[in-house]
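Would you take a short walk through this model with me? Keep your viewer open and your selection tool ready.

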Amino acid sequence: MSLALLTRPEAVHAAMDEYDALGRDAFLEKYGYRPAQTYFVVREGRLYDSKAIAGVAVGKEHTDRGPLSSDEFSGGTSTVRAKLEGLGFTVFGGEDDEAEAADSEFNSERAFQVIQEAWGAPAEPVGKYLAVWRTAPGRELALQLEQGTPRVWVEVPPPAEVWAAVTRYEGAKSRHSYLRTHSERLGEPNVAYRAVVTSPEGLERLLAWYAAVPVTSLDAAELETLRAVFLKEMTGFRTFEQPGATYVDHERAYKDELVQLFHAEVMPLVGRGLASDEDARRLTGAWVDVLSRKLTAGNRPQNLIGWQAVDRVRRLDEIGKATFGRDLHELLQDHDDSEAALDGFIASAGDALKAAGASGPAGIARLMGSCALMLKDPASFHAIRSDLFELALRRLKREPFPTYTDEPARVRAAMALAREVFAHLRSQWGWAPKDMIDVQSFLWVALKYDQPEEAEGHRFADLMQAFAKRFSEVRMGPLAQDPELWGVSEQLKDHLSELEAVKRRPTITVDWSAGRGVWATVPWFALLDSRVTRSTQSGYYICFLINRELTRVHLTLMQGMTEAVSEHGRSAGSAELISRAKAFRARMPELADHGFQLSGDIELGAQGWRARTYEVATIAHLPLEISDLPSDGELAAVLEPLLAAYDRLITGEVASLEEDVPIAFEPHVAATAYTLDDALAGLFMERADFERILSVWRSKKNVVLQGAPGVGKSFVAKRLAYALMGQKDPDRVEVIQFHQSYGYEDFIQGYRPTEDGGFHLQDGVFFRFCQKATANPAQPHVFIIDEINRGNLSKIFGELMLLIEHDKRGSEWGAKLAYSKDRDPAFHVPSNLFILGMMNTADRSLSLVDYALRRRFGFITLEPAFLTSKFRDHLHARGAAAEIQRAIIEGMTSLNAAIADDTVNLGAGFRIGHSFFVPPDGQSLDRAWFEQVVATEIRPLLEEYWFDEPAKAADWCERLLGQP
């Protein structure tokens, strides 16, 4: 293939539009191109990487073929430049352009003169390849010399109106070698930007803008506010060299002790190396022990890392501890780039924690790893707690902390801010910080101590303990309105309502219950947002659940269970609550950093069904001991992030989606390997038939299992899903059921009413599952639709009828959804998502499946398995007598033949499947069981089949039972 395929300028513009939408780095990474060095194609004054644009444009013009890869064509003058110029575009670069630039006197030599006229001589001696200037605020600017086109390096990204093309260089990304030796601020590992300037006027605009950019981007007013809080709390503080007793006692002493312990107990193990897994486990144990020990300073353990994160590492199994220890050993080696080393630790140790079922594993790994680096070398690294840096970035830079899907960005944002604060403390305030421990202490005190006056008390703890004490006394008798209990409960309700985090949310009300009719097994206090619920029976809400023994309070994010159970029944309702909870947890992994457990493993000590349902309805929970409840300030510190997560669920404003970053879903349980032999165990199907279905599914992406009732469609579907994935991982499988009322709004996206009479846009189940699959592209995800032919398929699928086709997967086929806004990205179905539908061929209420569905799905018919050797072996293994085996196999085979022959009323699609005769384990396959199955399951089905011939149905039941 070659660029001869490219013939339309519109395709080039389409490629440029995508370049603009994604940004340069993302565009090049998506299509596998390296940054251009010589040739750039120009549109409206902006430069684009010419080879990448040309290759992608081929795919825009020939969608069936797709874009050219970088190695399919060359990017020189005779190919890319000639093609693009032939289509009417201007291509900039190469020797001709440099000569032209030289002729026009705007090259690097002319740029040098422009800068020198504006700013004077360079700050550093001019080298062969580079000249460096410093601005009045202290920023550095570098100009590459001997260039036909001026290339200027700056510390912050220039606004669009002053540059033609700009490249971002961050971390250890290599750049001009002279920057390392001639520019302290522009060389690695600092972030730098290289701007290509195409005119003297553009350079002058850049210089005028850059001269006014301050060295720090920290908010000066906020800094002064934090300074006042710090000085108020740390009485006697003058500088970090003269810190006063309060600072030493509350912040510095125990951290210095941690450093000493770390170097005495952890680093020697690192220095000796790891000769075995036992050595690695010993290193993990030493690190956990240091973090868990009661310190001499303060007579308490450290609080740099929450005990929940430390406990999660402590509870790793032997393999997990060995893996974590090896990763920690590698992290604590001497690295040129500690941030990159921490990236590797987060990825590897995070995988070990993830495999162990930890919630927020990457966050735990980041916190444990960054703290280890700080204790190893306090001068160079800062412990990275997301709660601290979320506050710090929001208040000091008016920026959000990067999302949990981009841990490397979190590391760099935190370290950049820490270094900036360090510089400000030293140069602007003259506080002489010794190291990053002083920076951490300043941020912690100034941000975390800055609470309302109520946060200093223990009102919550006092009232909750008083409630528990009185409740334990009165619940021994009949339910009655006890004045003391009611008085304490109302006081606690009022106190929760007056918390600053609650007062800021006027739609929240507080309610409580100690029982209705009888005393509650699990009393509660709930925070209800009127936008989604006004009671604990529906929607979702925040709740303080008190366990049966009155020894523990669980701060939870809960779902209302009454509505789900009423709609679906107890079993299906519980399954629905569990499914919703898993989806909600995927939107709030940051809660794990605050100590919350993202699971339903909540111990309430209750025995009743309703009390146990609280457990399946739980989304997240934080256990609090009644005897050691948090202060009001500590409660505020955990309640605020929970309320923030609650807000996001209500508004649908998931941070990662707002930033065009796919959601990263955490697995609910650790996946286990799943082989073809696992799938076939207990399945009445031959290996070749099972492999054939998998083959069709892999190539077609979409299949429908069709068959009569009882052929095991649901049973086979789950096994096919796990076999396709090669793992038994329920979190990558979603199951729904279509019905006549199911619509596009349920499946894809639609507006839902709100309590205030308005509407909000809500994503449907398939939309969310596509986002989940997109976030994990290396692993297959399976979407199962039961009763697929019961719904109005055109109404449900809408524009997705095209996008689900096997050759229409991927972002290049993205389409705007019906309710999309202009700023919303195009939606696509990822290639790692496989759809499996199930269809009952005996359902008389269904119309024929339309051609549109049949063309996009492969249809697999499952047959009754009465005549298979596996079914016969099943009956024998379950202890069925010979006459029972014969009655089932021969009787049902004859019955199915009669059904198939009745082509006027029934046909082969109405035959009866074998699963009616596959009871749960523990059921005896005796005569009584057989007669019950025929009487209660087979007979009603036959009476429906032959509703106008009841004698025929009765005759066949008698034949099955062997009666004359």
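Below is a series of stops, each with something to select and a note on what is there; please keep in mind that this is a predicted model.

**Stop 1: the parallel sheet**

Start by selecting strands 17, 20, 21, 15 and 22. Together these five strands make an open sheet, in the order 17-20-21-15-22, with parallel pairing. Which strands sit at the edges? They are strand 17 (733-737) and strand 22 (858-861), each of which pairs on one side only. If you look along the sheet, the twist from one strand to the next averages 20 degrees.

Now zoom in on strand 17 and strand 20 (residues 781-786). These two run parallel and are joined by five bridges. Select Gln-737 to see one partner: its bridge partner in strand 20 is Asp-786.

Next, add helix 29 (residues 713-725) to the view. Helix 29 packs on the sheet and touches strand 15 (702-707), strand 17, strand 20 and strand 21 (833-840). Its direction makes about 165 degrees with that of strand 21. Then bring in helix 31 (residues 765-774), which lies across strand 17, strand 20 and strand 21. Helix 31 runs at about 165 degrees to strand 20.

**Stop 2: aromatic pairs**

Time to show the rings. How many aromatic pairs does a search of the whole structure find? The search gives 42.

Pick out Trp-429 and Trp-431, a tilted pair with 4.8 Å centre to centre and 55 degrees between the planes. Are these two residues buried or exposed? Trp-429 is buried at a relative accessible area of 13%, and Trp-431 is buried at 3%.

For a contrasting geometry, select Phe-684 and Phe-871. This aromatic pair is edge-to-face, with centres 5.4 Å apart and an angle of 85 degrees between the planes. Phe-684 belongs to the loop between helix 27 (676-680) and helix 28 (687-700), while Phe-871 belongs to helix 35 (residues 869-877), so the pair ties together parts that are 187 residues apart in sequence. Phe-684 and Phe-871 are both buried.

Go back to the tryptophans and widen the selection. Trp-429 and Trp-431 are members of one aromatic cluster that also holds Phe-230, Phe-237, Phe-240, Tyr-247 and Phe-442. A charged side chain joins the scene here: Arg-227 lies over the face of Trp-429, 4.9 Å from the ring centre. Another such arrangement can be found at Trp-956, where Arg-959 lies over the face of the ring at 4.1 Å from its centre.

**Stop 3: helix 17**

Select residues 407-428, which make up helix 17. What span should its 22 residues have, at 1.5 Å a residue? The expected value is 32 Å, and the end C-alpha atoms are 31 Å apart, which agrees. Just after the helix, click on Gly-430, which takes a positive phi of about 65 degrees.

Within helix 17, highlight Glu-420. Glu-420 counts as buried because its relative accessibility is 17%, and the cut-off for buried is under 20%. Setting aside residues up to four places away in sequence, Glu-420 touches Val-215, Thr-216, Ser-217, Leu-218 and Lys-397.

**Stop 4: a loop alanine**

Move to Ala-297, in the loop between helix 11 (277-292) and helix 12 (307-314). Ala-297 is buried, with a relative accessible area of 17%. Beyond its neighbours within four places in sequence, Ala-297 is in contact with Ala-253, Tyr-254 and Glu-257. Try a distance label between Ala-297 and Ala-253: these residues are 44 apart in sequence, yet their C-alpha atoms are 5.9 Å apart in space.

**Stop 5: a covered hairpin**

Finish with strand 11 (residues 540-546), where seven of the seven residues are buried. In a regular strand, side chains alternate between the two faces of the sheet. Here, Tyr-540, Ile-542, Phe-544 and Ile-546 point one way, and Tyr-541, Cys-543 and Leu-545 point the other way.

Add strand 12 (residues 552-559), which runs antiparallel to strand 11 and is joined to it by seven bridges. Opposite Tyr-540, you will find Gln-559 in strand 12. Five residues lie between the two strands of this hairpin, and Leu-550 takes a positive phi near 60 degrees.

How values were computed. Residues are numbered from 1 along each chain as its sequence is written. This is a predicted model: local features need pLDDT of at least 70, side-chain atom pairs count only at pLDDT 80 or more; totals for chains, interfaces and linings use all residues. Side-chain values use heavy atoms; hydrogens and water are left out. Two strands pair if DSSP finds at least two bridges between them. Helices (H or I, at least four residues) and strands (E, at least two) are DSSP runs, numbered from the N terminus. Axes are lines fitted to C-alpha atoms, for helices over the stretch in contact, and angles run from 0 to 180 degrees between N-to-C directions. Contact means heavy atoms within 4.5 Å. Rings of Phe, Tyr and Trp (its six-membered ring) pair if their centres lie within 6.5 Å; planes under 30 degrees apart count as stacked, over 60 as edge-to-face and the rest as tilted. Buried means under 20% relative accessible area, exposed over 50%, partly exposed in between (1.4 Å probe, protein chains only). A charge sits over a ring if NZ of Lys or CZ of Arg is within 6 Å of the ring centre and within 35 degrees of the ring normal. The expected span of a helix is 1.5 Å times one less than its number of residues.
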